[in-house]
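Trainee: I am new to this structure and would like a close look at a single part. Please take one helix and go through it slowly, then place it beside the rest.

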Amino acid sequence: RQAEYAKMRDVEPITRDGQRIQVMMNAGLRDDTPMLSLTGADGIGLFRTEFQFLVSAALPARDRQMRLYRDVLEAAGDKPVIFRTVDIGGDKSLPYLRNETSREDENPAMGWRALRLALEREALLKVQARALIEAAGGRTLNVMFPMVSEPWEFDAVRQVFETQLTFLKGQKRKLPEAIRYGVMMEVPALAEMLDHLLPKLSFMSIGTNDLTQFLFAADRSNPKLAERYDWLSPAIFRFLQRIVETSRDYPIDLGVCGEMGGRRLEALALIGLGIRRLSITPAAVGPIKELVCKIDTQEIGEAMRGWLAYPPANMRETLQRWAEERNI
Ligand code: PEP
Ligand code: MG
């Protein structure tokens with residue numbers, strides 16, 4: 001394993017036609033950070049802050065949160081880290097919030113979770129905002145919000161961060177040099193409102209795990225449905241294509257942080273769609289860098305446009321054949 005990582009660690013993911021693809025990794029614990037240098041990932045594109053909450057016996061105090069975030073930033077050095085505020089509730093229910101987060105939610109993925117919960121439990125959100133701002137003193141804070149369904153939710157959570165920032169400024173604390181705000185694009189309704197949201201953002205990350213379960217109305221955790229739909233389906237890619245095209249009108253940095261980005265054919269298709277930043281499981285960083293070096297973005301871009309205009313009967317087989325013919 002170590003040798004495999006080392007082989008690709010120093011390889012820059014540049015396509016045959018010279019496009020630099022950002023290959024970042026997903027993480028959630030302090031112990032994940034050594035994978036950054038082992039894999040040579042470009043940074044942490046999704047740090048799931050709820051992991052600390054899930055492994056704690058009680059709500060982690062601000063100081064503990066702050067220390068974790070600071071340690072992660074220090075371990076990352078010059079590489080960027082995107083912190084996602086807590087995505088708890090729903091299926092990730094917490095024993096110490098049990099009465100609130102598992103109120104017989106019959107549809108937990110669509111339930112009272114993530115930003116929905118955080119906006120109503122403002123104390124929890126304020127503590128996390130302060131911990132993040134303090135941890136990033138002297139550097140850039142990249143923060144993104146899960147399960148944003150409507151633009152006003154972003155306005156509301158940004159306001160909480162800005163209020164904490166003003167407060168800490170008054171306390172003469174060392175502040176971040178900048179705060180870059182972003183959202184997870186994982187609720188389909190948000191895709192219809194991007195013209196109202198994107199002017200306010202620095203970046204957006206497509207969460208294809210949740211997005212696809214909502215698009216197909218297929219529970220991502222139900223093994224009976226695992227074979228029912230394919231990430232490589234024209235419906236998903238047409239949906240993503242519209243998001244990519246709309247995003248081109250704004251100076252935002254668009255990426256994908258769902259698990260599909262770590263799979264070969266899916267990553268190939270996403271790059272063909274115009275995605276230039278992937279955040280994936282650390283074990284996939286090496287293989288995806290290797291893949292990137294074999295791709296010509298013009299060629300796969302053109303092929304994807306054709307397949308999405310006239311979807312083949314089986315997109316996976318078509319893409320597989322296309323890749324094989326080119327030794328990809
Ligand atoms: C996603 O939904 O694609 C995502 C990356 O977030 P999570 O898997 O943590 O829900
Ligand atoms: Mg998600």
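Mentor: What follows starts with helix α12 and then turns to the ligand shell and the nonpolar core. Keep in mind that the model is predicted.

Helix α12 covers residues 234–247, which makes 14 residues. At 1.5 Å a residue these should span 20 Å, and the C-alpha atoms at the two ends are 20 Å apart, so the expected and computed spans agree. Which residues of α12 are buried? They are I236, F237, L240, I243 and S247. Viewed down the axis of α12, the buried residues fall within an arc of 120°, and therefore they line one face of the helix. The spacing fits a general rule: an α-helix has 3.6 residues a turn, so residues three or four places apart point the same way.

Next, the ligand. Around ligand 1 stand L46, R48, D87, E186, G207, T208, N209, D210, C257 and G258. By class, this shell has two nonpolar, four polar and four charged residues. Strand β2 (44–48) and helix α11 (208–215) each supply at least two residues of the shell, and α11 gives the most, with three.

Last, the core. The largest nonpolar core has 83 residues, of which L132 and L278 touch the most other members. Helix α13 (residues 264–273) provides the largest share of this core, seven residues. Leaving aside residues up to four places away in sequence, L278 touches I21, V23, M24, G255, V256, G261, A267, L270 and I288.

Note on methods: Residues are numbered from 1 along each chain as its sequence is written. Chains are lettered from A and ligands numbered from 1 in the order in which they are written. This is a predicted model: local features need pLDDT of at least 70, side-chain atom pairs count only at pLDDT 80 or more; totals for chains, interfaces and linings use all residues. A residue is near a molecule or strand if its C-beta atom, placed from the backbone, lies within 6 Å of it. Helices (H or I, at least four residues) and strands (E, at least two) are DSSP runs, numbered from the N terminus. Ala, Val, Leu, Ile, Met, Phe, Trp, Tyr, Cys and Pro count as nonpolar, Asp, Glu, Lys and Arg as charged, and the others, Gly among them, as polar. The expected span of a helix is 1.5 Å times one less than its number of residues. A residue is buried if 20 or more other C-beta atoms lie within 10 Å of its own, exposed if 12 or fewer, and partly exposed in between; C-beta atoms are placed from the backbone. The arc is that of the directions from the helix axis to the C-beta atoms. A nonpolar core is a set of buried Ala, Val, Leu, Ile, Met, Phe, Trp, Tyr and Cys residues joined through C-beta atoms within 7 Å. Two residues are in contact if their C-beta atoms, placed from the backbone, lie within 7 Å.
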